[in-house]
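Could you walk me through this protein, strand by strand? I would like to see how its parts sit together.

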Amino acid sequence: MPFSRLVISGPRCSESANAEQAKRSIDAVRWAVPKIARTPIARAVCLPQAIAARWMLARRGIDTVLCFGVGRAGSQLLSAHAWLRVGDRIVVGAERAPEFTRVVEYPFVSPTENLPQ
C-alpha cells in the first residue's frame with residue numbers, strides 16, 4: 001500500500017470526540033498497540049505501531065501528529081524512530097522519542113466535514 005494511502009489519507013470518522021471520550025480512547029490505544037506489537041505474531045516496530053494508533057484514533061475523531069526522528073545509536077550509526085502524539089502527549093513511541101531529533105511531522109486533522117449525512 002502506498003505511504004500516501006496508508007498514512008496521509010486514512011480513515012474517516014463520523015464525529016469528533018469530546019474531551020472525555022478522547023482521553024479514554026487515547027489511553028486505550030496507548031495500552032493496546034504496544035501490547036499487541038509485542039506478540040510473536042505481530043512483532044511491530046515503531047512505524048507500524050504509530051500508523052496503527054493513528055488510524056485507531058482518527059476513526060474516533062482525534063487529531064494526531066506522526067513524528068519521525070533521527071539519532072545516533074551507541075555505535076554512531078544513524079538510526080530512526082517514529083512516534084505518534086496528540087497535542088503534547090505521546091501516544092506510542094514515547095520510550096525512545098527523547099533519544100531522537102524530530103525531522104518531520106505529519107499532522108492529521110480528522111476529516112469530519114464534508115461527510116455524507
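Let's begin with a single pair of residues in this predicted model: threonine 64 stands opposite phenylalanine 108, which belongs to strand E4. Threonine 64 is part of strand E1, residues 64-72, and E1 pairs with E4 in the antiparallel sense over seven bridges. Follow E1 along and you will meet another of its residues, glycine 69, whose bridge partner in E4 is arginine 102.

Now look at the other neighbour of E1. Strand E2 pairs with E1 over eight bridges, again in the antiparallel sense. Here valine 65 is a good place to look, as arginine 85 in E2 stands opposite this residue.

With these pairings in mind, you can step back to the whole sheet. What is the order of its four strands? Reading across, the order is E3-E2-E1-E4, in an open sheet with antiparallel pairing. E3 and E4 (101-108) are the edge strands, each pairing on one side only. If you look for a twist, neighbouring strands of this sheet are turned against each other by 35° on average, ignoring direction.

Is E1 largely enclosed or open to the outside? Of the nine residues in E1, seven are buried, so the rest of the structure largely encloses this strand. Buried here stands for under 20% relative accessible area. As you trace a strand with your eye, a general point may help: in a regular strand the side chains alternate between the two faces of the sheet.

Next come the helices. Helix H2 lies across E2 and E3, and runs at about 40° to E3. Helix H3 packs on the sheet as well, where it touches E1, E2, E3 and E4. The direction of H3 makes about 15° with that of E2.

Finally, let's visit the largest pocket, which holds about 220 Å³ of space. It is lined by 14 residues, and those closest to its centre are Cys46, Gln49, His81, Gly93 and Glu95. Which elements give two or more residues to this lining? They are helix H2 (19-37), helix H3 (46-58), strand E2 (78-86) and strand E3 (89-92). E2 provides the largest share, with three residues. Sorted by class, the lining has eight nonpolar residues, three polar ones and three charged ones. So much for the pocket; as you turn the model, try to find E2 once more, the strand that pairs with E1 and also contributes to the pocket lining.

Notes. Residues numbered from 1 in each chain as written. Predicted model: local features only at pLDDT ≥ 70, side-chain atom pairs only at ≥ 80, totals over all residues. Heavy atoms only, no water. 1 Å grid on protein atoms, 1.4 Å probe; cavity = no way out; pocket = protein on both sides within 12 Å on 5 of 7 lines; lining within 4 Å. Points joined across faces, edges and corners; volume = space filled by probe spheres on them. Nonpolar A, V, L, I, M, F, W, Y, C, P; charged D, E, K, R; others polar. Pairing = 2+ DSSP bridges. Axes fitted to C-alpha atoms, helices over the stretch in contact; angles between N-to-C directions. Contact = heavy atoms within 4.5 Å. Buried < 20%, exposed > 50% of the residue type's maximum accessible area, 1.4 Å probe, protein only.
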